[in-house]
Amino acid sequence: MDPERIAALFSKPLTINKLGLANRVVMGPMAANAPTKAGGPSDQTIAFYEARAKGGVGMIIAGGIVATKRSLAEAPGKTSLRFDEDEFIPDLRRVADAVHKYGVPIIAEFIPGFGRMGRPGRGRPIISASPKNVVIPEDRFPAGMLVPGGQVTSVPDEATIEEIETYEREMIDAAVRAHKAGWDGVEIAFHMSYFGSSFLAPRTNWRTDRYGGSAENRARMLVNTISGIRQKLGRDYVVGARMQADDYIPESQGAAGFAEVAKFVEQAGIDYLALSPGCYETMDTNCAAKDGVLVKDGVARTFREALKVPLIVQGQHKPANAAEVLEQGLGDLISFARPMLADPELANKLLSGRSDDIVRCDRQNTCVRRMIFGMEMRCTVNPTMGLESRKPGSLPPARRLIQVPIENAVLGLTGSKAVMGLVGKMMKK
Ligand SMILES: Cc1cc2nc3c(=O)[nH]c(=O)nc-3n(C[C@H](O)[C@H](O)[C@H](O)COP(=O)(O)O)c2cc1C
Ligand code: SF4
């Protein structure tokens, strides 16, 4: 497909609820916020999003957010932007104001809790729909992530009804804060083996109460949260959902099973659905090394045929592949996550027929590894990533003189097949 045709497909505006999007490019959610120690937005948070808004994106979905007390406690990293307390509202408004200057809407992604991927604390075991842990085989990690022997999480406790209802209530309260802070909407995320996704499929949900069994029951937590937000904020506030669209586990329910649950979520009144491929057990399908996930496997088509709401499709980095999704009507919007770290000008280039000039993400996931090791966010191919707020010509803070060599050593050793192979052999002995 030629760049002009790509530009034409991406340039079509779209209205979600009453929110006008200038084009079909969405920045996907990423925990790349660089918040303050207290969990509020920093100058870097604002500059990071502002650069992407200036870069012409149609809508930003901000990730790395905690909306509930439990998710704050069990977040794997300490990089969460907090929506769980009113005190953060004035600074969150600064983020919204910064992107609104460019006419770009911003949505807050709420992950209720980290569930099976959470960090247990003293007297606070991890919880999930049912006591099923996550087993990630060594060969299912995304490119660049070498984990000898794979990863096995501890077995979670089955969440009580009270714990589920607390999550629902706290997410509704957090949505009210997002609204007060001038954010354009919220996205409730049930994906990637986190707490919410464990309810969606019989493989991970063995409950016999009102949150388990039928597809309607497995959708209940999402439905309750969405209905609760609607009751507080009315029909006009944008409420989207991000859902595990298929876990790609053969003994699970397949895309048709997930889409059946999604129908109940649609009936609850969502404005869009973002499709998330895979789960931690099949993590290589989420931060995929190649285009085609959700499209070549037929998952997007299954959802397209089952639902009427606008769909967000991810994972297509090549402009022509992404544009084809729009052309075929398999998705209404394309989400770019890593590509937005690699090139904040991605949207402007796509929209102006300069898609060949886009700085391409290498899909080697150094950014993900940095996040896992708690390092400041950077990108291999974009030297300005993570430094958007730094004044031109100013020196890095003194702490970076110590941090940078340590980071390089850690990334080098853990990224070396030889070193990690040796570690694997020693573990087996
Ligand atoms: C550094 C980084 C942080 C991420 N944080 C989140 C997050 O907070 N919430 C979320 O739903 N997905 C998160 N993701 C996953 C992305 O939204 C997306 O699913 C994934 O990067 C694949 O899309 P892409 O090929 O466009 O990068 C993160 C990805 C990266 C690279
Ligand atoms: S570090 Fe940059 S180039 Fe590498 S995967 Fe992340 S976004 Fe892409």
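How do the residues of the shell around ligand 2 divide into nonpolar, polar and charged? The split is 6 nonpolar, 4 polar and 3 charged, where Ala, Val, Leu, Ile, Met, Phe, Trp, Tyr, Cys and Pro count as nonpolar, Asp, Glu, Lys and Arg as charged, and the others, Gly among them, as polar. The model is predicted, with local features needing pLDDT of at least 70 and side-chain atom pairs counting only at pLDDT 80 or more, while totals for chains, interfaces and linings use all residues. Residues are numbered from 1 along each chain as its sequence is written, and chains are lettered from A and ligands numbered from 1 in the order in which they are written.

Back to that shell. In total, 13 residues surround ligand 2, each with its C-beta atom, placed from the backbone, within 6 Å of the ligand. Arg 338, Leu 341, Cys 361, Cys 367 and Cys 379 are the closest. Helices H11 (338–342) and H13 (366–372) each supply at least two shell residues, and H11 gives the most, with 3 residues.

Now for the whole chain. Its secondary structure comes to 15 helices and 16 strands; these are DSSP runs, numbered from the N terminus, of at least four residues for helices (H or I) and at least two for strands (E). Half the story is on the inside: 50% of the 429 residues count as buried, meaning that 20 or more other C-beta atoms lie within 10 Å of a residue's own, with C-beta atoms placed from the backbone.

The strands make a neat picture. A barrel is closed by 8 strands, in the order E3-E4-E7-E12-E13-E14-E15-E16, with parallel pairing; two strands pair if DSSP finds at least two bridges between them. On average, neighbouring strands of this sheet are turned by 30 degrees against each other, direction ignored, using axes that are lines fitted to C-alpha atoms, for helices over the stretch in contact, and angles from 0 to 180 degrees between N-to-C directions.

One pair of strands shows this up close. Strands E13 (residues 238–246) and E14 (residues 272–277) run parallel and are joined by 6 bridges. Helix H8 (residues 254–267) packs on the sheet and touches both E13 and E14, its direction making about 160 degrees with that of E13; contact here means C-beta atoms, placed from the backbone, within 7 Å. Met 243 has Leu 275 as its bridge partner in E14.

What about the faces of E14? In a regular strand, side chains alternate between the two faces of the sheet. Tyr 272, Ala 274 and Ser 276 are buried on one side of E14, and Leu 273, Leu 275 and Pro 277 are buried on the other. With 6 of its 6 residues buried, E14 is therefore largely enclosed by the rest of the structure.

Key. A residue is buried if 20 or more other C-beta atoms lie within 10 Å of its own, exposed if 12 or fewer, and partly exposed in between; C-beta atoms are placed from the backbone. Two residues are in contact if their C-beta atoms, placed from the backbone, lie within 7 Å.
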